[in-house]
Amino acid sequence: MTTVLASLAVGIAVGYLAQRSRLCFMGGLRDWLLFRETSLLAAVGAFFLTAWVAWPLTALAGGADRTLPSGSTPLAYALWAAGAGLVLGFASVLANGCPLRQHVLAAQGEADAWGYLAGFAAGAWVYQMVLLPLLLR
Amino acid sequence: MNRVKPWVAGSTIALVAVVASAYFITSPPVYGFCVACHTRDLVTGTAPLFTGVGLLIGAFFGARRHGEFRFRKPVRLLSRFVLGMTAMVASLVALGCTVRLLLRAAYGESTAWWAVGGVALGIALATYALRLYARRGLE
């Protein structure tokens with residue numbers, strides 16, 4: 001029950017803020033590259049800095065265990081992560097928004113974003129039921 | 001109007017996500033907020049994480065309250081469907097959507113740094129590709 005309520009509350013708060021600020025985690029870099037417009041890029045930077053400061057503070061204040069995987073990342077993992085990130089970034093630019101922004105657009109009445117969200121859900125199913133069993137075979 | 005400045009929103013969202021990961025959704029580390037993973041958990045029935053539903057409610061409320069809700073007819077429904085699917089699969093392989101990747105990078109996970117670098121490169125490549133495409137007048 002905690003999980004349901006917490007995730008719902010977090011979603012509503014983030015959704016509201018993202019709608020009011022037109023926040024997008026892809027738009028920052030794109031707008032800077034195209035127009036040298038920095039407001040969204042500053043938002044991404046502020047997100048990172050706040051998280052970077054808040055993590056150790058929550059650990060001090062009795063938050064969940066902050067254990068990091070020891071040692072450096074194996075090269076294969078790193079390459080998979082970078083490759084997947086590249087595809088994610090590319091797809092986000094083509095779709096005109098990161099996954100968070102697509103939720104906001106969908107809630108504002110943009111029907112194209114409904115298609116995106118349908119694909120998003122379908123992708124989760126395809127990954128879990130088809131790709132993961134193939135990879136772990 | 002009553003807009004929230006993007007950097008204020010980014011900072012607040014980071015705080016909400018970190019607090020949620022530290023005290024409420026603690027099971028895998030850094031799991032308080034993820035657009036992709038939480039949707040996956042809901043779709044496959046792994047965990048009842050309603051983050052995506054909450055996002056829609058919160059954004060809808062914000063849009064309605066400030067008269068910004070407007071239905072826009074679909075023009076690229078199929079291509080957006082494919083892009084959504086691609087983004088989800090890529091997010092799941094990278095272990096997080098754009099938001100959680102940054103959250104993990106700030107947490108100090110070195111794999112996430114590679115993923116964030118990949119995202120930045122992907123954005124840059126697509127942006128320049130689109131600009132080139134537009135300049136040639138092919139669009």
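**Figure 1. The buried residues of helix α3 in chain A.** In this predicted model, the buried residues of α3(A) are A:Leu40, A:Leu41, A:Ala43, A:Val44, A:Ala46, A:Phe47, A:Thr50, A:Ala51, A:Ala54 and A:Trp55. What lies over them? The cover for these buried residues includes α1 (2-21) and α2 (27-35) of chain A, and it also includes α1 and α5 of chain B. As you look along the helix, keep a general rule in mind: an α-helix has 3.6 residues a turn, so residues three or four places apart point the same way.

**Figure 2. The length, bend and end of helix α3 in chain A.** Helix α3 of chain A covers residues 39-60, which makes 22 residues. How far apart should its ends be? At 1.5 Å a residue, counting one less than the number of residues, the helix should span 32 Å, and its end C-alpha atoms are indeed 32 Å apart, so the two values agree. Along the way, α3(A) bends by about 25° at A:Ala54. A proline, A:Pro56, follows within four residues of that bend. A:Ala54 is also one of the buried residues of this helix. After α3(A) comes A:Gly62, which has a positive phi, near 75°.

**Figure 3. Chain B, a chain of helices.** Now let us turn to the partner chain. Chain B has six helices and zero strands, so its elements read α-α-α-α-α-α from the N terminus on. Taken along the principal axes, its C-alpha atoms fill a box of roughly 50 × 40 × 35 Å. Chain B has 139 residues, and 55% of them count as buried. Take the contacts in chain B between residues at least 6 apart in sequence: 37% of these join residues at least 24 apart.

**Figure 4. Where chain B touches chain A.** Here 104 residues of chain B are in contact with 91 residues of chain A. Helices α1 (6-23), α2 (35-44), α3 (51-65), α4 (77-94), α5 (98-107) and α6 (110-135) of chain B each supply at least two residues to this side. Which helix gives the most? That is α6(B), with 18 residues. By class, the side of chain B that touches chain A has 68 nonpolar, 25 polar and eleven charged residues.

**Figure 5. B:Tyr133 in helix α6 of chain B.** B:Tyr133 lies in helix α6 of chain B. Is this residue buried or exposed? B:Tyr133 counts as exposed because it has 11 C-beta neighbours inside 10 Å, and the cut-off for exposed is 12 or fewer. B:Gly122 is eleven residues away along the chain, and the C-alpha atoms of the two residues are separated by 16 Å.

Conventions
Residues numbered from 1 in each chain as written. Chains lettered and ligands numbered in written order. Predicted model: local features only at pLDDT ≥ 70, side-chain atom pairs only at ≥ 80, totals over all residues. Buried ≥ 20, exposed ≤ 12 C-beta atoms within 10 Å, placed from the backbone. Contact = placed C-beta atoms within 7 Å. Nonpolar A, V, L, I, M, F, W, Y, C, P; charged D, E, K, R; others polar. Bend = angle between axes of the 7 residues up to and from the residue.
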